[in-house]
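Let's walk through a protein together, one question at a time. Keep the structure in view and try each question yourself before you read on.

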Amino acid sequence: MKRILSLLALALALAAGAAGADDFPRQPIRIIVPFAPGTAADTVARVVAEELRISLAQPVLLEHRPGATGLVGIGSLAQAPADGYTIGLGIEATHVTIPLVRKKVAYDPLNDFTPLTLAVRTTMAIAVNPDVVQVKDLPGLLQAAKTRAGGVTFGTMGEGSPQQLIGELLKQRTGARFEHVPYAGSAAAIEDLLAGKVGMVITPLATVAGHQDKLRIIAVADATRVANFPDVQAIAETLPGVVVTGWAGFFAPAKLAPALAKKLSAAIAAALRKPAVMEALRKRSMEPAASSPEEFRELLKAELSYWAPVVEKAHMQKVD
C-alpha cells in the first residue's frame with residue numbers, strides 16, 4: 001500500500017508540474033549573475049535575458065550578486081525557491097574547481113541545482129611577458145620553469161580557479177616549477193603581467209588578445225589551435241590529453257519540476273542559437289554551446305572526476 005501511495009504521489013507531482021508548465025511563466029523571471037556588470041558572465045546573461053523576454057513574454061531581470069569568485073551568487077541560487085522564476089549562471093569555477101579545492105562551500109555543485117543548459121565555451125590561454133620570461137613557445141616555457149631559480153610565477157583570476165588547476169596540471173605532467181599568484185580577477189593578473197610583476201598568466205584568451213603588442217600568447221588549452229591565432233600552439237601538441245575549456249551555463253535550484261526545467265532549457269537553448277546572440281557572444285570570444293540538461297549534468301560529473309585527482313595530488317584542498 002505504501003508503494004502504491006508513493007507512486008500515486010509521484011504521478012500527481014509530475015502531473016502538477018506539467019500543468020504548471022503550460023502557462024509558465026506568469027510573472028517576471030530573475031537571473032542571478034554571480035559576477036559584476038561588464039564581465040563575460042554578465043554578457044551571456046544579458047543577451048539571453050533579452051531573447052527570453054521576447055519568447056516567454058515576461059520581463060527577465062538580472063540580479064548581480066558578485067563575491068568570492070561567484071560563490072555568493074551561486075549560494076543564493078541554491079537557496080531560492082524551485083519554481084522556475086529564479087535561475088542563475090554558473091561557471092566551471094563555481095561548480096567544479098572551487099568546490100573541489102574548498103572543503104567548506106555552502107552548496108553541493110551537483111545535488112543543489114537543476115542543470116538547464118550549457119551556454120558558452122571559452123578558450124584558455126597561457127601568455128608571458130617576454131621581457132620577464134624570454135620564451136616563444138610552450139616547450140621553451142617548460143624548460144625555463146625547470147631551470148630558472150624559483151621557476152616561473154603565474155597569475156590567475158583567483159585561488160581555486162580552473163586557471164590555477166591548469167598550472168597545477170602542467171607541474172604534475174612535466175615537473176616544471178610554477179608558482180601560483182592569485183588575483184581578484186583576470187584584469188588584475190594581466191595588469192601585473194604587463195608591469196613585469198609575474199612572468200605569465202593563465203587566463204581566458206579574450207582577456208589577453210588585445211595586449212599582443214606587449215605580451216606573447218604561447219599556448220591555448222583547446223584540443224586544437226584557434227582559427228584567429230593559427231601560430232599559437234595547443235597545449236595538447238606538447239602534452240597530449242591536456243585539453244581544458246572554460247564554460248558558463250544556466251542552472252535552477254534543485255528539485256525543479258521536470259516540465260519546467262524542460263521548458264526553460266529549450267527557451268534558453270533557442271536564445272543561444274539566435275544569430276544576433278551568437279554574434280554578440282563571439283565578439284567576446286565565447287562560443288555558444290547549448291546542450292540538453294542531461295548533457296550538462298554529465299559534463300559536470302566528468303569535470304569533477306577529471307580535476308579531483310589533480311587537486312588531491314597537489315594537496316590544494318583547504319578548510320576555509
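Q: Which parts of the structure do the buried residues of α7 pack against?
A: Start with who is doing the packing: in helix α7 (residues 186-194), the buried residues are S186, A189, I190, D192 and L193. These residues cover an arc of only 160 degrees around the axis, which puts them on the same side of α7. Their packing partners are β4 (113-128), β5 (152-156), β7 (200-204) and α8 (205-208).

Q: Which exposed residues does the face of α7 turned away from its buried side carry?
A: In general, an α-helix has 3.6 residues a turn, so residues three or four places apart point the same way. Now look at the face of α7 turned away from its buried side: the exposed residues there are A187 and E191.

Q: Which residue follows α7 with a positive phi?
A: Follow the chain on from the end of α7 and check the backbone angle phi. A positive value, near 80 degrees, belongs to G196.

Q: In which element is the confidence of the model lowest?
A: This is a predicted model, so it helps to ask how confident the predictor is in each residue, on a scale from 0 to 100. The protein averages a pLDDT of 91, and 92% of the residues score at least 70. Strand β1 (residues 29-33) has the highest confidence, at 98, while the lowest, at a mean of 53, is found in helix α1 (residues 2-22).

Q: Over which residues does pLDDT stay under 50?
A: Look for a stretch where the model has zero contacts beyond four places in sequence. The stretch with pLDDT under 50 that fits this description is residues 9-13.

Q: How many bridges join β1 to β2?
A: Strand β1 is mostly covered, with four of its five residues buried. Between β1 and β2 (residues 60-64), the chain crosses through helix α2 (residues 40-56), and this β-α-β crossover is right-handed. The two strands run parallel, and the number of bridges joining them is five.

Q: Which residue of β3 stands opposite I31?
A: β1 also pairs with strand β3 (residues 86-91), through three bridges, and these strands run parallel. On the β2 side, I31 stands opposite L62. In β3, the residue opposite I31 is I87.

Q: Is T43 buried or exposed?
A: T43 lies in helix α2. Leaving aside its neighbours within four places in sequence, T43 is in contact with L281, R284 and M286. The relative accessibility of T43 is 14%, and the cut-off is under 20%, so T43 counts as buried.

Q: Is N228 buried or exposed?
A: Find N228 in the loop between β8 (216-220) and β9 (233-234). Its relative accessibility is 67%, and the cut-off is over 50%, so N228 counts as exposed.

Q: How many residues of helix α4 are buried?
A: Helix α4 (residues 92-101) is largely enclosed by the rest of the structure. Its buried residues pack against α3 (71-78), β3, β4, α6 (162-174), β10 and α12 (293-313). Among the buried residues are E92, H95 and P99. The count of buried residues in α4 is 10 of the 10.

Q: How many residues apart in sequence are the parts that the pair of F113 and F251 ties together?
A: The structure holds seven aromatic pairs. One of them, F113 with F251, is edge-to-face, at 5.8 Å centre to centre and 65 degrees between the planes. F113 lies in strand β4 and F251 in strand β10 (residues 245-253), so the pair ties together parts whose separation in residues is 138.

Q: What is the angle between the planes of F154 and F178?
A: F154 is in strand β5 and F178 in strand β6 (residues 178-182), 24 residues apart. F154 counts as buried at 0% relative accessibility, and F178 is buried too, with a relative accessible area of 3%. Their rings form an edge-to-face pair, 6.3 Å centre to centre, and the angle between the planes is 90 degrees.

Q: Which residues do ring pairs link into a cluster?
A: Two of the rings belong to F113 and F251, which are both buried. Ring pairs link these residues with others into a cluster, and its full list is Y107, F113, W247, F251 and F296.

Methods
Residues are numbered from 1 along each chain as its sequence is written. This is a predicted model: local features need pLDDT of at least 70, side-chain atom pairs count only at pLDDT 80 or more; totals for chains, interfaces and linings use all residues. Side-chain values use heavy atoms; hydrogens and water are left out. Contact means heavy atoms within 4.5 Å. Buried means under 20% relative accessible area, exposed over 50%, partly exposed in between (1.4 Å probe, protein chains only). The arc is that of the directions from the helix axis to the C-beta atoms. Two strands pair if DSSP finds at least two bridges between them. A crossover is right-handed if, with the strands pointing away from the viewer, the path from the first strand over the helix to the second runs clockwise. Rings of Phe, Tyr and Trp (its six-membered ring) pair if their centres lie within 6.5 Å; planes under 30 degrees apart count as stacked, over 60 as edge-to-face and the rest as tilted.
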